[in-house]
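Work through the exercises below with the model open. Try each task before you read its solution.

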Amino acid sequence: MKLANKIKVAIDSPAAAGAGTQAKLISKYFNLFYLDTGKIYRLIANLKLTQPKKYGYTLIKDKIKKLSLKDLQNKKLLSDEVGTMASAIAKDKKIRKLVHAFQIKSAYYPPKKYNGSCLDGRDITYKIIPDADFKFFITANVKTRALRRYKELKGLNNKISLSDVQKSIKKRDKTDYNRKVSPLMKTKDSILINTTNLTKRSCFLKIKQIMNRKLKA
Ligand code: C5P
């Protein structure tokens with residue numbers, strides 16, 4: 001589909017609610033440049049976990065300056081341990097400032113071949129793209145999210161139990177919703193999508209319909 005104007009889609013969601021899956025589907029369908037912003041925090045977390053002595057603020061800053069999309073594809077970034085560390089470092093205002101420019105560039109200046117951009121994270125709808133054409137808050141109940149993440153992690157050969165996954169999701173929710181800097185929240189102008197009882201496909205069709213209604217109006 002070719003669109004006359006570039007469109008910006010902003011998605012916020014708690015961990016494992018299906019936002020990434022939906023963001024990818026929307027991006028493919030509408031030909032949008034997709035950025036999973038959590039991956040940037042995960043990348044920093046992984047540096048901190050693997051080389052804690054080496055990676056202080058200055059080196060992280062250098063690394064983020066040279067950040068490429070390829071850096072974000074590392075499978076190691078998907079682990080639960082990295083996710084928990086990401087949530088801890090994401091509370092830091094200085095760290096958030098470092099990744100801000102990369103996100104703004106992706107949202108407002110996507111490569112020319114795209115019809116626009118789609119970013120998902122925790123503060124996208126109100127901090128990174130406050131003027132987004134579409135804002136979604138994608139969520140699901142904790143049990144469902146834990147089960148989905150558990151299946152995903154199992155697939156990566158992770159030795160992890162469902163109750164461990166549920167615990168760490170709850171912990172991450174607590175940190176992400178309650179932190180002072182850029183907390184996760186649903187803005188008034190975001191459309192709530194609860195994926196608890198929706199399949200990937202039905203969720204995608206719902207979002208697609210919402211977007212097409214406005215785009216074709
Ligand atoms: O989305 P994902 O689970 O990969 O994010 C990992 C962590 O990174 C989150 O728990 C959150 O604390 C942090 N994050 C954030 N702001 C974003 C994206 C992720 O604070 N825009």
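**Exercise 1. Find Ala16, then describe its backbone and its cover.**

Solution. Step one: Ala16 sits in the loop between β1 (7–12) and α1. Helices (H or I, at least four residues) and strands (E, at least two) are DSSP runs, numbered from the N terminus. Step two: the phi of Ala16 is positive, about 60 degrees, although Ala16 is not a glycine. Step three: Ala16 counts as buried because its relative accessibility is 13%. Buried means under 20% relative accessible area, exposed over 50%, partly exposed in between (1.4 Å probe, protein chains only).

A note on the source: this is a predicted model, in which local features need pLDDT of at least 70 and side-chain atom pairs count only at pLDDT 80 or more, while totals for chains, interfaces and linings use all residues. Residues are numbered from 1 along each chain as its sequence is written, and side-chain values use heavy atoms, with hydrogens and water left out.

**Exercise 2. Treat Asn31 in the same steps.**

Solution. Asn31 lies in the loop between α1 and β2. Its phi is positive, about 55 degrees, and Asn31 is not a glycine. With a relative accessible area of 26%, Asn31 is partly exposed.

**Exercise 3. How many helices and strands does the chain have, and in which pattern?**

Solution. Count: nine helices and five strands. Then read along the sequence: β-α-β-α-α-α-α-β-α-β-α-α-β-α. The radius of gyration is 17 Å, close to the 17 Å that the globule rule gives for 217 residues, so the chain is as compact as a globular protein of that length. Here the radius is taken over C-alpha atoms, and the rule is 2.2 Å times the number of residues to the power 0.38. Along the principal axes, the C-alpha atoms fill a box of roughly 55 × 40 × 30 Å.

**Exercise 4. Which strands pair with β4, and how is β4 covered?**

Solution. Begin with pairing: two strands pair if DSSP finds at least two bridges between them. β1 and β4 run parallel, joined by four bridges. In this pair, Asp12 has Phe137 of β4 as its bridge partner. β4 also runs parallel to strand β5 (residues 191–194), again over four bridges. There, Phe136 is partnered by Ile191 in β5.

Now the cover. In strand β4 (residues 134–139), six of its six residues are buried. One side carries Phe134, Phe136 and Ile138; the other carries Lys135, Phe137 and Thr139.

**Exercise 5. Which strand pairs with β2, and what does Tyr34 touch?**

Solution. Strand β2 (residues 32–36) has four of its five residues buried. β2 pairs with strand β3 (residues 116–121) in the parallel sense, over five bridges. Phe33 stands opposite Ser117 in β3.

Tyr34 is in β2. Tyr34 counts as buried because its relative accessibility is 19%. Contact means heavy atoms within 4.5 Å. Leaving aside neighbours within four places in sequence, Tyr34 is in contact with Gly20, Ala23, Lys24, Ser27, Cys118 and Asp120.

Follow one partner. Ser27 belongs to helix α1 (residues 19–30). At 5% relative accessibility, Ser27 is buried. Not counting residues up to four places away in sequence, Ser27 touches Leu32, Tyr34 and Cys118.

**Exercise 6. Is Asp123 buried or exposed, and what does Asp123 touch?**

Solution. Asp123 lies in the loop between β3 and α6 (124–128). Its relative accessible area is 3%, so Asp123 is buried. Beyond residues up to four places away in sequence, Asp123 touches Asp12, Arg96, Ile128 and Ser182.

**Exercise 7. Where is Val82, and which residues does Val82 touch?**

Solution. Val82 is in helix α4 (residues 80–89). Val82 is buried, at 3% relative accessibility. Not counting residues up to four places away in sequence, Val82 touches Arg42, Ala45, Asn46, Leu49, Lys76 and Leu77. For a distance, take Pro130: Val82 and Pro130 are 48 residues apart in sequence and 28 Å apart in space, C-alpha to C-alpha.
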